Amino acid sequence: MATTLTLTIHNFPPTVIPAHAEGLRAEVKAFITHQLEGVPPQTRAKTWTGFDAAFSKAFADRGWIGLTLPKEYGGAGLDAFSRFVVVEELLAAGAPVAAHWIGDRQSAPLILHYGTDAQRAFFLPQICRGELFFCIGMSEPNSGSDLASVRTRADRVEGGWKINGQKIWTTYAHQSHYMIALVRTSGTSEDRQKGLSQFLIDLSLPGVTINPITMGTGDSDFSEVFFDDVMLGEDALVGIEGNGWQQVNAELAFERSGPERIYSSLVLLDLWANMLGDDPDPADAARLGKFVARLAPLREMSVAITGLLAQGQSPLNEAALFKDLGTEVEQQIPAEIADAIAARPDKVADPDLLRTLAFLMQLNHVFSLRGGTREILRGMIARGLGLR
């Protein structure tokens, strides 16, 4: 056990956000405050699942999408810490970032690193301008987050590739222009990580069918996507054929390590803290203090991983551990606030607080599913620690 704890601590070196990145915070905060004026908290509670193309376009016009991309592709040429500060302000306020979220967080870095010159020149400037939205095609029926077992297949044909199969739980596929999909180009699902490749798929092509999935909240954040003899050109392949598993794992470090894994219930926590006021019940004060005590070190873990990403590392296991711990707290916040309110029937709760709580109680079970289930993450952590 002592060896395990030592390894874990050293994997999260103390890291300070540099001054140039902190310098962005005030301007971004002022922009978001203006944009969200009058938006009710139950809408802001959607945070990074709130879709508003106009907001993303206005955000892009300020130069805040593609912060880490080179200027030659329309980016700002800044570092991962600058993006952390901007994203933290967006999430803390509950800004509707879903339209540009996947393209900015994952697709653009992937295309920059693995794409061809032509792919970079075509896709990256449009992402930075807030004009092109992406989704990622990973999960499949009967596979869930076990990405190595995907069955969707791309077969080589004259002039390109033909894709058949299905993806599910794809975030905002029905609102996106392109998908970067992990598919099998050789072997079978029994071959696991071997024979997987990534493709850029234009979702307007013939043979693509997208069905939004309506959740209990009434929202449709996810879709199922069917590919029926979809024809792709040679230039749709991203990176090297058969290298998809390694490329996806590099992408997942970005997906699992950001502050979005701890801030999904922050709008609710702010409302509840305001309701408690300056003289809270001791039990409520203790509960609030526990949340703050758990969120603060998690934020430090996220900043530490950002530092590793800025150094060019791919901290997969650290990101998996952070996401597992972070989503647990995100899920507990609405559940425990509901218990606290129920324990004090003599106090009248604010209607906005109750509506926000009701929304998150229908959604919080998803927090540990999106971006990799808890079971998958814990398997990765165990392997990273040499326990499997």
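# Structural report on a predicted single-chain model

Among contacts in the chain between residues at least 6 apart in sequence, 76% join residues at least 24 apart. The model described here is predicted, and every value below is computed from it.

## Overall fold

The chain contains 14 helices and 8 strands. Its radius of gyration is 21 Å, close to the 21 Å that the globule rule gives for 388 residues, so the chain is as compact as a globular protein of that length. Taken along the principal axes, the C-alpha atoms fill a box of roughly 70 × 50 × 45 Å. Of the 388 residues, 53% count as buried. The exposed surface of the chain amounts to about 16,500 Å², and carbon and sulfur atoms supply 55% of that area. As to charge, there are 34 positive and 46 negative side chains, and the centres of the two sets lie 3 Å apart.

## Two charged residues in buried positions

Arg 184 belongs to strand β4, which covers residues 178-184. With a relative accessible area of 1%, against a limit of 20% for burial, Arg 184 is buried. Its side chain reaches the backbone oxygen of Lys 194 at 2.7 Å. Lys 194 also appears in the list of residues in contact with Arg 184, which leaves aside neighbours within four places in sequence. That list further includes Ala 148, Val 150, Thr 152, Arg 153 and Ala 154, as well as Ser 189, Asp 191, Arg 192, Gly 195 and Leu 196.

Asp 324 lies in helix α12, which spans residues 316-342. This aspartate has a relative accessibility of 7% and counts as buried. Its side chain makes a polar contact with the side chain of Arg 378, at 2.8 Å. Neighbours within four places in sequence aside, Asp 324 is in contact with Arg 374, Leu 377, Arg 378 and Ile 381.

## Helix α10 and its cover

Helix α10 comprises residues 266-276, and its buried residues are Leu 266, Val 267, Leu 268, Leu 269, Leu 271, Trp 272 and Leu 276. An α-helix has 3.6 residues a turn, so residues three or four places apart point the same way. The elements that cover the buried residues of α10 include α4 (41-44), α6 (80-93), α11 (282-310), α12 and α13 (351-363). After α10 comes Gly 277, whose phi is positive, near 70°.

## Two buried aliphatic residues

Ile 32 is part of helix α3, residues 25-35. At 2% relative accessibility, this isoleucine counts as buried. Not counting residues up to four places away in sequence, Ile 32 touches Glu 89, Leu 90, Ala 93 and Ala 95. Phe 55 is 23 residues from Ile 32 along the chain, and their C-alpha atoms are separated by 9.5 Å.

Leu 147 is found in the loop between β1 (134-137) and β2 (153-157). Although placed in a loop, Leu 147 is buried, with a relative accessible area of 8%. Beyond its neighbours within four places in sequence, Leu 147 is in contact with Met 138, Ser 139, Leu 182, Leu 196, Trp 245, Val 248 and Leu 252. Leu 196 is also among the contacts of Arg 184. Gln 332, in turn, is 185 residues from Leu 147 in sequence and 28 Å away in space, C-alpha to C-alpha.

## Positive phi outside glycine

Thr 47 is not a glycine, yet its phi is positive, at about 40°. This threonine sits in the loop between α4 and α5 (53-61). Its relative accessible area is 4%, and Thr 47 is buried.

Trp 169 is likewise a residue other than glycine with a positive phi, near 55°. It is found in strand β3, residues 160-171. At 48% relative accessibility, Trp 169 counts as partly exposed, because that class extends from 20% to 50%.

## Accessibility of the residues discussed

The table lists the relative accessible area of each residue with its class.

| Residue | Relative accessible area | Class |
|---|---|---|
| Arg 184 | 1% | buried |
| Ile 32 | 2% | buried |
| Thr 47 | 4% | buried |
| Asp 324 | 7% | buried |
| Leu 147 | 8% | buried |
| Trp 169 | 48% | partly exposed |

Key. Residues are numbered from 1 along each chain as its sequence is written. This is a predicted model: local features need pLDDT of at least 70, side-chain atom pairs count only at pLDDT 80 or more; totals for chains, interfaces and linings use all residues. Side-chain values use heavy atoms; hydrogens and water are left out. Helices (H or I, at least four residues) and strands (E, at least two) are DSSP runs, numbered from the N terminus. The radius of gyration is taken over C-alpha atoms; the globule rule is 2.2 Å times the number of residues to the power 0.38. Buried means under 20% relative accessible area, exposed over 50%, partly exposed in between (1.4 Å probe, protein chains only). Contact means heavy atoms within 4.5 Å. Accessible areas come from the Shrake-Rupley method with a 1.4 Å probe; for residues, only the protein chains shown count as cover. Lys and Arg count as positive and Asp and Glu as negative; His and the chain ends are not counted. The place of a charge is taken as NZ of Lys, CZ of Arg, CG of Asp or CD of Glu. A polar contact is a pair of N or O atoms within 3.5 Å; within protein, one must be able to donate a hydrogen and the other to accept it, and residues adjacent in sequence count only if both atoms are side-chain atoms.
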